[in-house]
Every structure is written in structure tokens, then in C-alpha cells.
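Trainee: I should like to go through the ligand site and the cavities of this model, and to ask what each term rests on.

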Amino acid sequence: MLRSVEGSDVQVQGTNDDAQVSKLSCSRMGYFRDEFIQFFVRRASRRSPLINRGYYSRHAALRQLLEQFIAAARAAGKQPQVLVLGAGFDTTWFQLAKDGGGAAPYNCLEVDFKEVTQRKAAIIAKEPALHGLLQQASSAVAAARGAGEAAAAAADGSSTAASSSNGAGAGAAVAQVEIDAAAGSVRSPCYSLAPVDLRDLGALEAAAAAAGFDTQAPTYILSECVLVYMDPAQSSPVVGWAGATFPNALMAIYEQIKPDDAFGRQMVSNLAERGCPLKGLPATPSLQAHCGRLTAGGWAAADARSMDTLYQTFLPPEERQRAERLEIFDELEEWHMIQEHYCIALGRNDRDGLLPPTAVGFDAPPPAHRLSLPALPPQMGPGAAAGAGGAGGAGLSLGLGLGLGRGAAGGAGPGPGPGLGSGLMRPPGAPGGAGRGLPNAD
Ligand code: SAH
């Protein structure tokens with residue numbers, strides 16, 4: 001099938017690699033637990049404390065929302081489902097499955113450009129830690145479904161158990177897990193990966209159906225540093241499709257705001273220079289504009305807060321304090337400035353009263369039972385020594401100051417900031433990046 005790939009699509013795909021390097025840096029420093037991110041990073045690099053803390057805040061806030069959502073869905077006796085847009089090499093499903101002893105935390109569908117999902121599927125196929133977990137969780141789901149269907153059939157005297165909507169062979173003790181690296185797809189009863197260009201809503205809808213999504217079930221839709229790279233004429237329909245399709249859902253959008261002050265202008269021009277312009281930012285430059293996009297897209301309610309606010313008011317103080325002890329940190333002014341330029345916008349559809357703001361959202365407490373284990377102590381993560389040492393030469397160009405002061409003068413600029421999801425826009429295989437004369441700060 002022919003498909004035209006816009007030049008900037010390639011650069012935008014590169015933002016995924018950059019985000020994962022930063023997430024690996026964080027996990028090795030003990031900010032959060034991610035045992036799987038190591039498989040997705042070719043060249044580890046230790047990030048600056050500013051970047052690590054930024055990624056920590058992004059991870060912690062999004063994880064807390066997700067955990068609230070899962071807890072609320074389970075409390076209502078419903079099977080949660082999660083759609084990750086532009087998922088890149090997101091490892092959340094795998095980590096939560098591992099932390100849950102091999103049980104699927106939810107039915108997950110991740111989508112991204114085919115070039116990205118091909119790489120992800122190949123890594124999942126290659127790494128036993130990943131496909132083993134997938135097989136384990138899938139078999140448990142299939143066995144539970146089989147038991148449920150047998151019980152239902154026995155109860156109504158019928159002997160014909162309905163087959164699973166995703167064709168995974170409901171009732172089988174060993175579920176079918178299909179990993180097709182060439183197609184960039186993974187199919188299983190509880191985790192699917194599909195090549196979808198978000199500009200093609202038909203493909204998105206078909207992928208959701210193929211993953212066995214039930215539009216009426218509680219659904220969490222995550223867009224982490226994705227829609228902002230799209231033209232608003234193409235991203236708004238995605239928001240609208242999600243709002244119209246799932247009546248019991250939350251949509252969490254993490255991305256940049258405030259392009260119009262000095263810091264924001266620097267952020268915008270750095271990314272444009274790297275070939276991945278923040279095409280969506282002019283249409284959603286503020287918290288209000290984010291809420292407006294969600295409600296215009298049919299979401300019943302919307303809330304948006306800056307990361308500076310969320311860090312202080314949403315994250316539990318004891319978790320924050322633990323993270324703050326991990327590294328020496330004296331860039332408070334830059335920190336607040338960066339955090340003010342990122343936000344999470346939350347759309348809510350709660351037709352059945354399963355996802356009230358008292359249980360899920362910025363004013364709700366963390367769930368009593370946290371799904372993720374506490375992060376490892378600093379420097380104790382797998383490969384910590386390699387991570388620290390691995391900074392090596394890359395450390396010369398990475399993790400420099402981000403602010404408008406020294407960093408900007410040096411060309412580092414605010415970059416995409418800690419929310420970044422962007423940053424190194426190096427062509428694949430290009431050494432360093434310094435050779436392009438472009439800042440590498442992210
Ligand atoms: N969400 C991940 C990756 C962020 S990088 C994380 O936060 O770690 C941005 C991702 O969005 C890339 O993987 C890129 O390929 C994807 N993306 C951007 N535009 C897209 C589109 N039109 N269709 C599908 N994926 C897209």
C-alpha cells in the first residue's frame with residue numbers, strides 16, 4: 001500500500017526515540033520504575049537533573065491519572081480499556097502487567113506511524129521479557145474468558161459460547177499472541193499494537209474494533225506529546241472522534257502551551273528548526289484553548305492545568321519529596337518556567353457515572369492502592385552503572401541548561417522542555433548532533 005510520508009513525519013517519529021532516552025535516564029536514576037524501557041533505547045544517555053525532573057513530573061502525573069481511572073473502572077466492576085495515541089515506545093502496559101504479577105492491567109491499544117510500530121513489534125518479538133509477559137497475561141485473560149463463558153453457558157443451559165470479538169480464541173487456555181514486525185502489529189486479547197496514521201480516522205476506528213474495544217466500556221485515551229505535532233485541522237477530528245465514540249471516557253492530553261512569551265517563542269523556534277514544528281500550538285496556546293478543543297469536540301467536561309500547578313497540587317508531597325532527593329538541583333527558576341509551558345488537558349465523558357471528578361481527575365486523591373511499585377533507589381536500577389557511565393561523550397551535548405539564560409545563549413534553548421517528547425532531531429545514524437550546529441537540549 002502506498003502512503004506518502006511527509007518530511008516532518010520522520011522528524012516527529014524521532015521525538016519518540018528522544019523521549020525514551022530521557023525515560024530511561026529517569027528510571028536509572030530511580031525517579032520511577034520502568035524495567036522495559038531499556039529494550040527500546042539504542043544509546044543510553046544520562047540526562048540533566050532538570051530534564052529528569054521534568055520527565056518524572058510528566059510520568060508521575062499521567063500515571064496517577066491512569067491509576068485513578070483503572071481504580072474507578074474496577075470499582076464499577078468494568079473492564080478498563082486504554083487507547084494510546086502516538087504511543088511510540090511507551091512501556092506502561094508492560095510495567096503494570098509486570099507489577100500485577102503477569103495480569104493484564106487493562107485492554108490496551110497502542111497506535112503510531114507504521115515505521116514506529118514496526119520497530120516496536122520487532123523489539124517485542126525479540127525480547128522474551130516482553131513477549132513472555134504478553135503471552136502470560138494473554139493466557140490469563142483467555143482462561144478467565146473461557147471460565148466466564150463456560151459458567152454463562154452452564155447458567156443458561158446453552159452450550160454455544162460466544163467467540164471473542166477480537167478473534168483471539170476465547171476460552172482457549174493459551175491465548176493467541178500474533179506479533180508481525182513487518183506489518184508493525186501485535187494482536188492479543190489484552191494488548192494490541194497497530195500502525196495507524198492519526199490523520200486517518202477510519203484506520204483508527206478499525207484498529208479499535210480489531211483490538212476488541214467496547215465503545216461503552218470505560219476508556220482512557222492518552223495523547224502524550226503527539227497532537228501538538230499535527231495540524232489542528234487533523235488533530236481536532238481525533239479529539240472529536242474520541243469524544244463522540246466513547247461515552248464513558250477520559251482523554252488526557254499532555255503537551256506544550258504558551259508559545260507567545262520569550263521562553264515559548266524559543267521553544268517553538270527550536271522545534272521548528274529541528275524539523276518538527278509544533279503545528280498544533282497556535283490553536284491551543286492556553287489552558288482555556290485546550291478545554292475549548294475538548295468541549296468543541298463533544299467532550300462533556302474539560303479541565304486543563306499547567307505542569308507547574310500539577311506538580312505542586314496533584315502529585316502526593318511524599319512522592320515528590322522522594323524524587324527531589326535524587327539529584328542536586330539548583331535550577332528552580334528554569335524549572336518553573338519550563339513547567340508552566342506544559343500542561344495536561346483532561347476531557348471527561350461520564351454518561352454512566354463511573355468516572356466522577358471525585359474519583360478521577362486533578363482534584364481527586366491518588367487511588368488507595370497504587371499499581372506501580374515504588375521506584376528503585378537511585379543508581380540501583382538495572383544497568384545503572386552503564387547509564388551513568390554511558391553519558392560519556394553524549395553528555396557533552398545533552399542535558400545542558402534549558403532556560404533562556406546560559407542555555408539559550410549556548411543554543412540549547414528551552415527545547416521541548418522536559419515534556420519534550422521531542423528534542424534530538426538527528427537524522428538516524430548521525431553522530432551526536434552537535435555537528436548540525438543545533439542544540440541538543442531536550
Ligand atoms: N507518546 C510517546 C511518544 C511521544 S513522541 C511518549 O510520550 O513517550 C510522538 C509520537 O507521536 C511519535 O512516536 C510519533 O511517531 C507519533 N505521531 C505523531 N504524529 C502521528 C500521526 N499523525 N499518526 C500516528 N502517530 C503519530
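Mentor: Let us begin with the ligand, bearing in mind that the model is predicted. The ligand sits in the largest cavity.

Trainee: What makes it correct to say that the ligand sits in the largest cavity?

Mentor: The term requires more than half of a molecule's atoms to lie within 2 Å of the grid points of the cavity. The ligand is assigned to the largest cavity by that rule, so the wording is justified.

Trainee: Which residues surround the ligand most closely, and what makes a residue count as near?

Mentor: A residue counts if one of its heavy atoms lies within 4 Å of the molecule. There are 20 residues around the ligand, with Lys 23, Arg 58, Gly 86, Asp 112 and Leu 198 the closest. Helix H1 (residues 7–29) supplies the largest share of this shell, seven residues. By class, the shell holds nine nonpolar, six polar and five charged residues.

Trainee: Why is the pairing of Asp 112 with the ligand called a polar contact?

Mentor: The cut-off for a pair of N or O atoms is 3.5 Å. A side-chain N or O atom of Asp 112 is 2.6 Å from an oxygen atom of the ligand, so the pair qualifies. Lys 23 has a polar side-chain atom 2.8 Å from a ligand oxygen, and for Gln 20 the corresponding distance is 3.1 Å. Both of these values also fall within 3.5 Å, and therefore both pairs are polar contacts.

Trainee: How much of the ligand does the protein bury?

Mentor: The ligand taken alone exposes 570 Å², and the protein buries 99% of that.

Trainee: How many cavities of 30 Å³ or more are there, and what space lies in the largest cavity?

Mentor: The count is five cavities of 30 Å³ or more, and the largest cavity holds about 440 Å³ of space. It is lined by 34 residues, and Val 12, Gly 86, Asp 112, Cys 225 and Val 226 are the closest to its centre. H1 gives the largest share of that lining, nine residues. The lining comprises 15 nonpolar, nine polar and 10 charged residues.

Trainee: What lines the second largest cavity?

Mentor: Its volume is about 230 Å³. The lining has 20 residues, and His 59, Arg 63, Asp 90, Thr 92 and Glu 224 lie nearest the centre. Elements that give two or more residues to this lining include helix H2 (49–75) and helix H3 (92–99). The largest share, five residues, comes from H2. By class, this lining has 10 nonpolar, three polar and seven charged residues.

Technical notes
Residues numbered from 1 in each chain as written. Predicted model: local features only at pLDDT ≥ 70, side-chain atom pairs only at ≥ 80, totals over all residues. Heavy atoms only, no water. Polar contact = N/O pair within 3.5 Å; in protein donor to acceptor, adjacent residues only side chain to side chain. Areas by Shrake-Rupley, 256 points an atom, 1.4 Å probe, with all protein chains shown as cover. 1 Å grid on protein atoms, 1.4 Å probe; cavity = no way out; pocket = protein on both sides within 12 Å on 5 of 7 lines; lining within 4 Å. Helix = DSSP H or I, 4+ residues; strand = E, 2+ residues; numbered from the N terminus. Nonpolar A, V, L, I, M, F, W, Y, C, P; charged D, E, K, R; others polar. Points joined across faces, edges and corners; volume = space filled by probe spheres on them.
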